Amino acid sequence: HPTAACATCHMVGGKGSAIGPALDGIATRTTPAYIHESLIEPSKVIAKGYENYTVSPMPPMGDIFSPQEISDLEAFLQTLK
């Protein structure tokens, strides 16, 4: 079972990398539907400031996580206000 390494590209609480969008405040900047779509189909809508990517370098999280794990990840991201 491959493991997601979110901190390789994303920053939360000053930890991680700034390759991708920071996740701090994601719950106040976006909607639950946007977060879900970004996890399942990361190339469908490219985040502001990253439009130079035609395809997101982030893999679809549905290929890595079970539906329950996706729900848990979404719940966690909703706490990042």
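Buried means under 20% relative accessible area, exposed means over 50%, and partly exposed lies in between (1.4 Å probe, protein chains only). This is a predicted model, in which local features need pLDDT of at least 70, side-chain atom pairs count only at pLDDT 80 or more, and totals for chains, interfaces and linings use all residues. Residues are numbered from 1 along each chain as its sequence is written, and side-chain values use heavy atoms, with hydrogens and water left out.

**Exercise 1. Overall layout**

Task: State which elements the chain holds, and compare its radius of gyration with the globule rule.

Solution:
- Step 1. Assign elements from DSSP runs: helices are H or I with at least four residues, strands are E with at least two, and numbering starts from the N terminus.
- Step 2. Count them. The chain has three helices and two strands.
- Step 3. Order them. From the N terminus on, they run β-β-α-α-α.
- Step 4. Apply the globule rule, 2.2 Å times the number of residues to the power 0.38, with the radius of gyration taken over C-alpha atoms. For 81 residues, a compact globule would have a radius near 12 Å; the chain has 12 Å, so the two agree.
- Step 5. Add the extents. The C-alpha trace spans about 30 × 25 × 25 Å along its principal axes.
- Step 6. Add burial and contacts. Buried residues make up 25% of the 81 residues. With contact set as heavy atoms within 4.5 Å, residues 24 or more positions apart account for 44% of the contacts with a separation of 6 or more.

**Exercise 2. The largest nonpolar core**

Task: List the residues of the largest nonpolar core and name the element that gives the most to it.

Solution:
- Step 1. Fix the term. A nonpolar core is a set of buried Ala, Val, Leu, Ile, Met, Phe, Trp, Tyr and Cys residues joined through side-chain atoms within 4.5 Å.
- Step 2. Collect the members. The largest core has 10 residues: L23, I26, I35, L39, M61, I64, I70, L73, L77 and L80.
- Step 3. Map them to elements. Those giving two or more residues are α2 (32–40) and α3 (67–78).
- Step 4. Rank. α3 gives the most, with three residues.
- Step 5. Set this in context. In soluble globular proteins, nonpolar side chains tend to be buried together.

**Exercise 3. Cysteines without a bond**

Task: Explain why C6 and C9 form no disulfide.

Solution:
- Step 1. Recall the cut-off. A disulfide is a pair of cysteine sulfur atoms within 2.5 Å.
- Step 2. Check the pair. The cysteine sulfur closest to that of C6 is in C9, 9.0 Å away, which is too far for a bond.
- Step 3. Check the reverse. From C9, the closest cysteine sulfur is in C6, at 9.0 Å, again too far for a bond.
- Step 4. Conclude. The structure holds zero disulfides.
- Step 5. Read the accessibility. C6 is partly exposed at 37%. C9 is partly exposed at 27%.

**Exercise 4. The salt bridge**

Task: Find which side chains meet in a salt bridge, and classify their exposure.

Solution:
- Step 1. Apply the rule: a side-chain nitrogen of Lys or Arg within 4 Å of a carboxyl oxygen of Asp or Glu.
- Step 2. Count. The rule gives one salt bridge.
- Step 3. Identify the partners. E37 and K44 meet at 3.4 Å, N to O.
- Step 4. Classify. E37, at 23% relative accessibility, is partly exposed. K44, at 53%, is exposed.

**Exercise 5. Two serines in loops**

Task: Locate S17 and S56, then give the backbone nitrogen that each side chain reaches.

Solution:
- Step 1. Define a polar contact: a pair of N or O atoms within 3.5 Å; within protein, one must be able to donate a hydrogen and the other to accept it, and residues adjacent in sequence count only if both atoms are side-chain atoms.
- Step 2. Place S17. The loop between β2 (15–16) and α1 (26–29) holds this residue. At 18% relative accessibility, S17 is buried.
- Step 3. Find its partner. A polar side-chain atom of S17 lies 3.3 Å from the backbone nitrogen of I19.
- Step 4. List neighbours. Leaving out residues up to four places away in sequence, S17 touches A7, T8, C9, H10 and M11.
- Step 5. Place S56. This serine sits in the loop between α2 and α3. S56 is also buried, at 18%.
- Step 6. Find its partner. The S56 side chain reaches the backbone nitrogen of M58 at 3.0 Å.
- Step 7. List neighbours. With residues up to four places away in sequence left out, S56 touches P42, S43 and I46.
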